[in-house]
Amino acid sequence: MFMRIDHIGIACRDLEAKIAFFSETFELTVVAREVNEEQGVKEAMLHIADGEGGGSYIQLLEPLSEDSPVGKFLAKRGEGVHHVAFGVPDVADAMAKINEKGVRLLDERPRHGSMGSEIAFLHPKDVGGMLTELVQAARP
Ligand code: V0V
Ligand code: CO
């Protein structure tokens with residue numbers, strides 16, 4: 001079902017400062033920047049590698065408001081790893097198969113994600129405490 005790790009999402013207070021740190025320290029290139037109102041984030045994707053069905057990235061996330069998912073996470077836990085996203089061939093199909101196994105979905109249908117992807121989240125309490133995202137990358 002999972003083809004690769006699509007991205008690791010990192011919650012940060014100052015997106016520009018973290019972009020500078022990650023790109024300079026690890027020699028990574030920013031390939032996309034987006035404001036996603038629905039998810040309450042301003043985010044940047046730093047490219048690591050290319051894989052089957054899409055690439056692998058670090059996703060830096062700054063909240064648009066305190067009551068957004070990332071805003072609440074920062075208040076509760078501070079900066080750090082917020083979620084792990086796995087690449088799947090078909091997000092709706094993966095959602096159905098995973099939900100059948102008793103894992104709660106946080107989305108009833110796929111949402112718009114970074115770089116034209118289709119995404120959905122799984123409840124962290126059902127995945128060993130890890131907020132998990134499914135990503136179907138945009139077709140090239
Ligand atoms: C909360 N919890 C987490 C967590 N956030 N555990 C692990 N990782 C996280 N990131 C724990 C929290 O400590 C609580 O456990 C429990 O889950 C319920 O959390 P809560 O604080 O009561 O509830 P909320 O209101 O903070 O909601 C948490 C959830 C919410 C996960 C339901 O953040 C959500 O719906 N997230 C999905 C959307 C999202 O995160 N979007 C931003 C990324 P205790 O304390 O009760 O034990 S957008 C993105 O990645 C994009 C656009 C992309 O990739 O393209
Ligand atoms: Co993400």
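Which elements each supply at least two residues of the shell around ligand 1? In this predicted model, they are α2 (69-77), β5 (80-87) and β7 (118-122). The tour below proceeds from the annotated region to the ligand and then to individual contacts.

**The annotated region.** Select residues 4-137, which an unreviewed UniProt entry annotates as "domain: VOC". Over this range the chain is 23% helix and 43% strand. Display the C-alpha atoms at the two ends of the range; the distance between them is 11 Å.

**The ligand site.** Next, select ligand 1 and display the pockets: the ligand occupies the largest pocket. Expand the selection to the surrounding shell, which holds 22 residues. Lys72, Arg77, Ser114, Lys125 and Glu133 are the closest of these. By class, the shell comprises eight nonpolar, nine polar and five charged residues.

**Helix α2.** Colour residues 69-77, the span of α2. This helix contributes six residues, the largest share of the shell around ligand 1.

**Polar contacts.** Select glutamine 39 and show its side chain: an N or O atom there is 2.9 Å from a nitrogen atom of ligand 1. Proceed to histidine 82, where the backbone is the part to display, since one of its N or O atoms lies 2.9 Å from a ligand nitrogen. At histidine 83, return to the side chain; a polar atom there lies 3.0 Å from an oxygen atom of ligand 1.

**Burial of the ligand.** Finally, show the surface of ligand 1. Taken alone, the ligand exposes 1000 Å², of which the protein buries 76%.

Note on methods:
Residues are numbered from 1 along each chain as its sequence is written. Chains are lettered from A and ligands numbered from 1 in the order in which they are written. This is a predicted model: local features need pLDDT of at least 70, side-chain atom pairs count only at pLDDT 80 or more; totals for chains, interfaces and linings use all residues. Side-chain values use heavy atoms; hydrogens and water are left out. A residue is near a molecule or strand if one of its heavy atoms lies within 4 Å of it. A polar contact is a pair of N or O atoms within 3.5 Å; within protein, one must be able to donate a hydrogen and the other to accept it, and residues adjacent in sequence count only if both atoms are side-chain atoms. Accessible areas come from the Shrake-Rupley method with a 1.4 Å probe; for residues, only the protein chains shown count as cover. On a 1 Å grid over the protein atoms alone, a cavity is a set of points where a 1.4 Å probe fits but cannot get out, and a pocket is an open set with protein on both sides within 12 Å along at least five of seven lines; lining residues have an atom within 4 Å of a point. A molecule sits in a cavity or pocket if more than half of its atoms lie within 2 Å of its grid points. Helices (H or I, at least four residues) and strands (E, at least two) are DSSP runs, numbered from the N terminus. Ala, Val, Leu, Ile, Met, Phe, Trp, Tyr, Cys and Pro count as nonpolar, Asp, Glu, Lys and Arg as charged, and the others, Gly among them, as polar. UniProt positions are given in the numbering used here, feature names are shortened, and annotations may be inferred rather than shown by experiment.
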